[in-house]
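Trainee: I would like to go through this entry with you and learn how each descriptive term is justified. Could we put it up and begin?

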Amino acid sequence: MTDPIAAVEPAVDVHEHAGAGDSQAHHHSPEQIRAEMRVYLIVFAGLGVLTAATVGVFYLFHPAVHTAIIIALIIASVKGFLVAGYFMHLLSEKKVIYGVLVLTVIFFIFLMTLPVSHHANPFGS
Amino acid sequence: MDAHAHAAGGHAELEIPFNVDPRPDTGLYNAKLGIWLFLASEVMLFGALFSSLILLRTGADSWPRGYEFLNIKLATLNTFILILSSVTVVLAWSHLRLGNLKKGRIYISATVICALIFLVNKAFEYSHEFSEGRFPKTNNFLAIYFTMTGLHGLHILGGVIVFLYFLGPGAKMWAKEPQRYTNRIEVAGLYWHFVDLVWIFLFPILYLM
Amino acid sequence: MALRRQIRVGSQWMYADEAHKALREAIRVMKDETDSGQQQPWIRRYVFSTDHKWIGLQYGFTALLFLLLGFCLMILMRLQLGWPGQPFGVMKLLGETRAPGGILLPEAYNQLGAMHGTIMIFLGIVPLAVGAFGNYLVPLQIGAPDMAFPKLNMISYWCYLPGGLIMLASFLAPGGTAQSGWTSYPPLSVIASQGQTWWLVGMVFLITSSLLGSVNFIVTIIQLRAKGLSYMRFPFFVHAQFVTSFLLLLAFPPLEAAAVLQLMDRVAGTSFFLPSGLVVSGQALTNAGGGNPLLWQHLFWFLAHPEVYVLILPAMGIVAEIIANGTRKPLWGYKSMVFATVFLGFMSFVVWAHHMFLTGMGTTISAFFQTTTMIISIPSVIILSSLFISLWGGSIRFTTPMLFALAFLPMFGIGGLTGLPLGLAAADIHLHDTYYVIGHFHYVVAPGTIFAMFGGIYYWFPKVTGRKLNDFWGRVHFWVSFVCINGIFFPMFAQGLAGVSRRLYDGGMQYAHAKQIAAQTNPFMSICAIGLLVAQIPFIWNFFYNAIKAALGHRDERLGSNPWEATTMEWAATTSPPLAHGNFEVMPVVHRGPYEYNVPGEAAEFIPQHQPDAAEPAPRGGLLPATAVAMREN
């Protein structure tokens, strides 16, 4: 007699022991979670400092637009890296997610750079 | 698979694998992958608006400077508030992982409060601009400013609604499936961090350049 | 010291024997509840269903109706093109404002043109190819119980339908519906009448539906595939849908942004797309100006180019399935096809401005896009060639679905080849915005994609309903359609080369250089269009007659659950698998590739994907009955 359970079982995770090493959620100990919370607070402080720096740099260089743009974007990128890396835990994320994001960034770059190059090197120039 | 949920009567809801527990080879549960895909599409959405900004600005004869009339102080305060709300939501998720629903709810509420303060500040900003005769149709800088911050604001509002749901009727899930509830907060938190991330770029680009 | 085996069930670790007991109990209770007749209310089961099979059928019926509507709009256009300025009784349906005395006005022709394109692409083909075929088949083909997010699936459909209805409602707007082409170029679209605003709002709904659907598809395919189903064991149809979903996910948002910007221009008076100094009908516009019409074109085509691959990839997937099954051998070059599809998907994001060669581009951008466009033809050729070569040495069964799949190959070939001169700027100067373009893309979409859709309907109809469509009328449908469709579109290449522009309400009769060829070809093409309409009548009758009979319970018992003797897993589930119960009583485990037909050294003529390495051939009647019997006895 066919045992439906045996056929179902392959769809269920089977281990000989508990605590297999997947990151996030299930098997982090309370100490690990509390350690992560401390990291979040440090990152928060860093983000606060960088925000103040953004505005400070602006007033320092104002109104030299080009320098301001470059420095502000660099600082924003660092802040973005911190939010994405730690709050969104991208630094410890899975390959599938990285793959999707790398693809997205490539297309994002196309979208930023190509339309604005529309008139570069016009015919007859 | 919770045998007791089915035995309790009512309709047997279809069991979707890896809804709560990660699939071994990808290491992800379904909603985690789903929200990252959605965020990828959001990158393209805001990216299109940034691209529009670049195209319009580089092609413009004259382009007003945001810092000449926009309220930088209020926007800076808003930036701090939004970053604070990002911290509160990730702390909420951490407390839920520790099994502490009460603290989780406190931090989620803090997130919602920060978000509402952000929106109120934005309302002040907008009404100030309108009172000075600066509307989207006045020039293209204001057009893109209102469109981008407006769309961003709608995203904040969406997040607020989701968190209110999880504080309210959605909280019933904690009693039966705490892991699933925690995952939902994690996923909502990822969305929230993205909204914060967009603002981190919007703020200097619109206000300081 | 034997370890007492543990398995993880839900979020707990349990001893395996205890887990087995709990699972058995759960299944018993589940069967009890459903057998006692406790079913969902009618509205949950059939209106707001969360079952991918029913949602697929909802998409299918809705999309087919929209396709028919778009087709009828085209018939009206072709009547005008064949006999410009002539009154037609059927035109009177459009009302006195659009067709006074049954003579179509130019403004009305523009409305028909814009809406024909919009309806066919966004309300017809994509919902049919992805929403219907994709939704119904992908979970079955990967051995999943449903989509990863069933409720999201339901919401996707219920964003599509309102979006479609809003598009239809736009016909009633003052000034008529959208009439600036399906491409909605500003400044014309910004100053157009109210219908355009409805079009934009409808698009936002449709884009939302697509986005939610694409997330669902990608997560389902990655996360819910059956044990043993590695990526390179997917049926090609699943690869096609997978890549298509990525295109929808990442390419649609810029169009959504653009739609918002155009709405702002129309409703809030902004000037995103309106340049300074615009004068309309002698009146200078009072807007701020400084906008850029090219911005719309970039954002629009950023989506619209990947969109055309969304139109073709599912069709290629369907054709591949039918050909593998109909030749009784595996696809030739399966691996190359898979890599070509992924490469095609990637490249589709970098070719969009080949639609914009005549917008005053600089040499850098022009060279860039010509290069990428030429490169993207390579994966298309690889896929088409592999499908052609797959026929070699096959034991071909000329069933009705096979006829459509076979016809797809040369038709897509013509469509693809005629795209090449369009992708080179020098030739495009002459051919852009002419009938050559219309001929090119219709070849790919009409005898290309739509034929693949027809083939898919004939092929999978028995899976869904337990009945086959009538074979004789299927062949009539095929042959008459095939002849007429070529009659409509082939002369367009000649027209385009002669310089007949597109979107002319009289088909070119007002231009001296175009008059002769227009007069020679347009009436013939219009007669073929009417022939094509007539050819659909047997199909429509065939479809509804058999669907209604099946719904009333008249199955064809001789068919069994695998009438085409196919290997992929959708045929393992019982015919018309019941709603809301999952698809397989026992989740299948995959043991082999997707096209094990006539495997050398094997006794069986075909081996289903989920069949384990055993001596006995595939069980007739599918997986369900034997297992269900076993469980009842349990």
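Trainee: Why are H12(C) and H15(C) called roughly parallel or roughly antiparallel to each other?

Mentor: This is a predicted model, in which local features need pLDDT of at least 70, side-chain atom pairs count only at pLDDT 80 or more, and totals for chains, interfaces and linings use all residues. Side-chain values use heavy atoms, with hydrogens and water left out, residues are numbered from 1 along each chain as its sequence is written, and chains are lettered from A and ligands numbered from 1 in the order in which they are written. Helix H12 (residues 400-423) and helix H15 (residues 471-497) of chain C pack at an angle of about 10°, with axes 10 Å apart. Angles run from 0 to 180 degrees between N-to-C directions, and those under 35 degrees count as roughly parallel, over 145 as roughly antiparallel, 65 to 115 as roughly perpendicular and the rest as oblique; H12(C) and H15(C) are therefore roughly parallel.

Trainee: Which residues in H12(C) and H15(C) meet?

Mentor: With contact taken as heavy atoms within 4.5 Å, C:Leu403, C:Phe404 and C:Met411 are among those in H12(C), and C:Phe478, C:Trp479 and C:Phe482 are among those in H15(C). The residues of this contact divide into 9 nonpolar, 5 polar and 2 charged.

Trainee: What makes C:Phe61, C:Leu68, C:Ile540, C:Phe544, C:Ile548 and C:Leu552 a nonpolar patch?

Mentor: Patch residues have over 30% relative accessible area and no salt bridge, and nonpolar side chains are joined within 5 Å, whereas like charges are joined within 9 Å. These six together have about 530 Å² of accessible area, by the Shrake-Rupley method with a 1.4 Å probe. H16(C) gives the most, with 3 residues, and C:Ile540 is found in that helix.

Trainee: How do you know that B:Glu186 and B:Lys32 meet in a salt bridge?

Mentor: The rule asks for a side-chain nitrogen of Lys or Arg within 4 Å of a carboxyl oxygen of Asp or Glu, and this pair, at 3.5 Å from N to O, is a salt bridge. B:Glu186 lies in helix H7 and B:Lys32 in helix H2 of chain B, so the pair ties together parts that are 154 residues apart in sequence.

Trainee: What secondary structure does chain B have?

Mentor: Counting DSSP runs, helices being H or I of at least four residues and strands E of at least two, chain B comes to 7 helices and 0 strands.

Key:
Ala, Val, Leu, Ile, Met, Phe, Trp, Tyr, Cys and Pro count as nonpolar, Asp, Glu, Lys and Arg as charged, and the others, Gly among them, as polar.
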